[in-house]
Each structure stands twice: as C-alpha cells, then as structure tokens.
Amino acid sequence: MLNTSDTPAEREESEFGDPLQSIWASCVLPYVGVTDVRRVVFRTVTDAADETRADWLRRARREAAALLARPGYRDTVPTPN
C-alpha cells in the first residue's frame, strides 16, 4: 500500500496512532483475502522538492516491481475473461 501524507510521522504517531494501517490491515484487506500488508508512506507532500518527489516515484516503481517478481505471484492474479 502506498500512501502520501502531509502529517509529519512523529505527529501522526503521537496524536493519531496509525489509522490507515489499522483500517486497511485490520478492517478491509483481510476480508478480501489479503494477508500480507505492506505500507510505504511518502511525506510531507506539500513542501517536498521535485527531487524528493522523483525519489518517491522511483521507490514506488521498485516496490511494485518487487511484488510482481515474487514467486507464485502470477498464479494468484485472475486472468481476464
């Protein structure tokens, strides 16, 4: 799961816990059969420099490629009819 945020990590943790992790990993994804939940948060978005944003995009591509490269992954993806 890839998220963007404008809340600094320290503030989110101290004031809110990690609500998105809780919602997705505990309340949504298990009910659709997803048990391996990984989350990457890119922050803070509003004042991020262009190079930082480019780094985030590179990381997002790496994360997606790593998921696709997992052994057996293609066996779990439904084929379109």
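In this predicted model, R38 is partly exposed, with 49% relative accessibility. Its salt-bridge partner is D36, and the closest N and O atoms of the two are 2.7 Å apart. D36 is also partly exposed, at 40% relative accessibility. Side chains of opposite charge can pair when their charged atoms come close.

Seven salt bridges are found in the structure. One of them joins D18 to R39, with 2.5 Å between the closest N and O atoms. This pair connects distant parts of the chain, 21 residues apart. D18 sits in the loop between helix 1 and helix 2, whereas R39 sits in the loop between helix 2 and strand 2. The two ends also differ in burial. D18 is partly exposed, at 27% relative accessible area. R39 has a value of 18% and is therefore buried, the limit being under 20%.

Another salt bridge pairs E15 with R11, whose closest N and O atoms are 3.1 Å apart. Both residues belong to helix 1 (residues 9-16). They are four residues apart, about one turn of the helix. E15 is partly exposed, with a relative accessible area of 49%. R11 is partly exposed too, at 40%. A network of salt bridges also links E51, D55 and R58.

Strand 1 (residues 2-5) and strand 2 run parallel and are joined by four bridges. Here S5 has R43 of strand 2 as its bridge partner. In a regular strand the side chains alternate between the two faces of the sheet. Strand 2 shows this alternation. V40 and F42 point to one face and are buried. V41 and R43 point to the other face and are not buried.

The structure has one aromatic pair. Its members are F42 and W56, with ring centres 5.8 Å apart. Their planes meet at 45°, so the pair counts as tilted. F42 is part of strand 2 (residues 40-43) and W56 of helix 3 (residues 50-69), so the contact ties together parts 14 residues apart in sequence. Both rings come from buried residues: F42 has a relative accessible area of 7%, and W56 has 17%.

Confidence varies along the chain. The mean pLDDT is 85, and 88% of the residues reach 70 or more. Among the elements, helix 3 has the highest mean pLDDT, 93. Helix 4 (residues 73-76) has the lowest, 59. Where pLDDT is low, the predicted coordinates should not be read in detail.

Key
Residues are numbered from 1 along each chain as its sequence is written. This is a predicted model: local features need pLDDT of at least 70, side-chain atom pairs count only at pLDDT 80 or more; totals for chains, interfaces and linings use all residues. Side-chain values use heavy atoms; hydrogens and water are left out. Rings of Phe, Tyr and Trp (its six-membered ring) pair if their centres lie within 6.5 Å; planes under 30 degrees apart count as stacked, over 60 as edge-to-face and the rest as tilted. Helices (H or I, at least four residues) and strands (E, at least two) are DSSP runs, numbered from the N terminus. Buried means under 20% relative accessible area, exposed over 50%, partly exposed in between (1.4 Å probe, protein chains only). pLDDT is the predictor's confidence in each residue, from 0 to 100. Two strands pair if DSSP finds at least two bridges between them. A salt bridge is a side-chain nitrogen of Lys or Arg within 4 Å of a carboxyl oxygen of Asp or Glu.
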